[in-house]
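Biologist: I would like a close look at one helix of this model. Please set it against another helix and a strand, and be specific about packing.

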Amino acid sequence: MDVKDYIRTIPDYPKPGILFRDVTTLLSDARGFRKAVDALVQLHVGDAIDLVAGIEARGFILGGAVAHQLGKGFVPVRKKGKLPWETISQEYELEYGTDKVEIHKDAVFDGARVLLVDDLIATGGTAEAAVKLIGRAGGNVLGASFVIELPDLGGRSRLEAYDIEVLSLCSFEGD
């Protein structure tokens, strides 16, 4: 089976006309989960990275597993107000309003080469905020890897504008 075969599509969620790509079915299947993590790891074996950063919440699961397999440290990129120590934050635009992501101010050391991991890239707004945040902390995001890409929403080009290599395991057109 292809990784894509493990992903459930939920129509009209969170609103009518949206086809939600649910990665929890991939995560709950031992073979699918291992296949996805192994594939994400294989994309970066031998890359000169120091840290893996994962975006809340499914990026924690995938990024943590990738960091473990690569023998690297892990940086959680969290929603505002979820981290217990001093943080730095980055605001980003939502469809209606703004939100913020945060990391601990000492999570990324100066010059750190970082791999960003999440389950899905759509418009790229959250991933771009994470890239800016890691950059402000002194790190450099060299690559961004996702299980799912929705190419019609343009997220890839937002990250490539920062000279970041963007990789995904599968894509769903038209979403």
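Modeller: Buried means under 20% relative accessible area; exposed means over 50%, and partly exposed lies in between (1.4 Å probe, protein chains only). This is a predicted model, with pLDDT of at least 70 for local features, 80 or more for side-chain atom pairs, and all residues in totals for chains, interfaces and linings. Numbering runs from 1 along each chain as its sequence is written, and side-chain values use heavy atoms, without hydrogens or water.

The helix to look at is α4. Helices and strands are DSSP runs numbered from the N terminus (helices H or I, at least four residues; strands E, at least two). α4 has 12 residues. Its end C-alpha atoms lie 17 Å apart, which agrees with the 16 Å that the helix should span at 1.5 Å a residue. That expectation is 1.5 Å times one less than the residue count.

Its buried residues begin with Gly125, Ala127 and Glu128 in the list, and go on through Ala129, Ala130, Val131, Leu133 and Ile134. Glu128 is thus in the buried set, along with Gly125 and several alanines. Just after α4 comes Gly138, with a positive phi of about 105 degrees.

Take Ala129 as the way in. It lies in α4. Ala129 counts as buried because its relative accessible area is 2%. Beyond residues up to four places away in sequence, Ala129 touches Gln90, Tyr92 and Val101 (contact: heavy atoms within 4.5 Å). Lys100 is also worth marking: the C-alpha atoms of Ala129 and Lys100 are 8.0 Å apart, at a sequence separation of 29 residues.

Now set α3 beside it. α3 covers residues 58-70, which is 13 residues. From first C-alpha to last it reaches 18 Å, close to the expected 18 Å. Its buried residues are Gly59, Leu62, Gly63, Ala65, Val66, Ala67 and Leu70. A general point helps in reading such lists: an α-helix has 3.6 residues a turn, so residues three or four places apart point the same way. The cover over the buried residues of α3 includes two helices, α1 (24-27) and α2 (30-42). It also includes the strands β3 (51-55), β4 (73-79), β7 (113-121) and β8 (140-149). After α3 comes Gly71, whose phi is positive, near 70 degrees. So much for the helices; a glycine with positive phi follows α3, and Gly138 has one just after α4.

The strand to follow is β8, part of that cover. Val147 sits in β8. Val147 is buried because its relative accessible area is 0%. Apart from neighbours within four places in sequence, Val147 is in contact with Leu62, one of the buried residues of α3. The other contacts of Val147 are Val3, Ile7, Leu26, Leu40, Asp118, Asp119, Ser168, Leu169 and Cys170. Two aspartates are therefore among the contacts of a residue with 0% relative accessible area. Gly124 is 23 residues from Val147 along the chain, and their C-alpha atoms are separated by 14 Å.

Glu149 is in β8 too. Glu149 is charged by name but still counts as buried, because its relative accessible area is 6%. Leaving aside neighbours within four places, Glu149 is in contact with Ile121, Arg156, Ser168, Cys170, Ser171 and Phe172. Ser168 and Cys170 appear in the contacts of Val147 and in those of Glu149.

Methods. Contact means heavy atoms within 4.5 Å.
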